[in-house]
Amino acid sequence: MPLFWKPYQSDVTQFIESLKQKKPSLEQEQRKGRALLWDKQIDREFQARAEAARVAELLGAAHQEGHAWGDMAIICRHYSEMDECAGVLRQRGLPHQVRKGAGSFDPAADTSKVLTMHASKGLEFPVVALVGAGHMPAPGEDEREEAKLFYVGATRATQRLIIG
């Protein structure tokens, strides 16, 4: 290789190299900044909407495969997730009912059921979608209790379990 040969570098690469020469710690500081960016929690509200939309899509597919709406349940960890799921189901025109109290629930209706993990105890459905399981346990919650609760929700499914 001739002594005058130098690998090609774009203007941008040359500029960055000159900055690194002026400030040797620049690259390390950039890595720290990227790490901070990636470590930040993604907007929980956006995640909940996306999870609810995906669950609605999967329940719609299960219905097209022959499952009755009444054979499906969306089991949530928190009421806020129930509200998000109900909103998406309503928006898509999918039949559902939300169980927030004992009087507001008709288990025989041909609608998908939206309920909490606590309220699902003792019930069974051929198709169950667990929403919010990826965020269990939340900070400050007892891991053992949350594991028991997850078990209750997951074992409500008799044929298909969808974990959001």
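## Basis of the assignments

A residue is called buried when its relative accessible area is under 20%, and exposed when that value is over 50%. The model described here is predicted.

## Thr111 and its surroundings

With a relative accessibility of 15%, Thr111 falls under the 20% limit and therefore counts as buried. Thr111 lies in the loop that connects strand 2 with strand 3.

Leaving aside residues up to four places away in sequence, Thr111 touches Trp69, Gly70, Met72, Pro95, His96 and Gln97. With Gln97 there is a polar contact between the two side chains, at 3.1 Å.

## Strand 1 and its partners

All 5 of the 5 residues of strand 1 are buried, so this strand is largely enclosed by the rest of the structure. Its side chains are divided between two directions: Met72, Ile74 and Cys76 point one way, whereas Ala73 and Ile75 point the other.

Strand 1 is paired with two strands. Its pairing with strand 4 is parallel and comprises 5 bridges, with Cys76 placed opposite Val131 of strand 4. Strand 3 also runs parallel to strand 1, and 4 bridges join them; here Ile75 stands opposite Leu115 of strand 3.

## Helix 4

Helix 4 comprises 14 residues, 79-92. At 1.5 Å a residue it should span 20 Å, and the distance between its end C-alpha atoms is 20 Å, which agrees with that expectation. Just after the helix, Gly93 adopts a positive phi of about 70°.

The buried residues of helix 4 are Glu81, Met82, Cys85, Ala86, Val88 and Leu89. Viewed down the helix axis, these buried residues fall within an arc of 165°, so they line one face of the helix. An α-helix has 3.6 residues a turn, so residues three or four places apart point the same way. The buried residues of helix 4 pack against helix 3 (44-64), strand 1 (72-76), strand 2 (96-98), strand 3 (112-116) and strand 4 (125-131). On the face turned away from the buried side are the exposed residues Ser80, Arg90 and Gln91.

## Nonpolar cores

The largest nonpolar core contains 19 residues, of which Leu59, Ile74, Cys76, Cys85 and Val114 touch the most other members. At least two residues of this core come from each of helix 3, strand 1, helix 4 and strand 4. The greatest contribution is that of helix 3, with 5 residues.

Cys76 has contacts in several elements. Beyond residues up to four places away in sequence, Cys76 touches Glu81, Met82, Cys85, Val114, Leu115, Thr116, Met117 and Val131. A second core, separate from the largest one, has 11 residues, among them Ala73, Ile75, Met117 and Met136. Ala73 and Ile75 point the other way from strand 1 relative to Met72, Ile74 and Cys76.

## Arg160 in strand 5

Arg160 belongs to strand 5 (residues 157-163). Its relative accessible area is 28%, and Arg160 is thus partly exposed. The side chain of Arg160 makes a polar contact of 2.5 Å with the side chain of Glu65.

Outside residues up to four places away in sequence, Arg160 touches Ala62, Glu65, His67, Pro126, Val127 and Val128. Ala62 and Arg160 are 98 residues apart in sequence, while their C-alpha atoms are 9.4 Å apart in space.

Methods
Residues numbered from 1 in each chain as written. Predicted model: local features only at pLDDT ≥ 70, side-chain atom pairs only at ≥ 80, totals over all residues. Heavy atoms only, no water. Helix = DSSP H or I, 4+ residues; strand = E, 2+ residues; numbered from the N terminus. Expected span 1.5 Å × (residues − 1). Buried < 20%, exposed > 50% of the residue type's maximum accessible area, 1.4 Å probe, protein only. Arc of directions from axis to C-beta. Contact = heavy atoms within 4.5 Å. Pairing = 2+ DSSP bridges. Polar contact = N/O pair within 3.5 Å; in protein donor to acceptor, adjacent residues only side chain to side chain. Core = buried A, V, L, I, M, F, W, Y, C linked by side-chain atoms within 4.5 Å.
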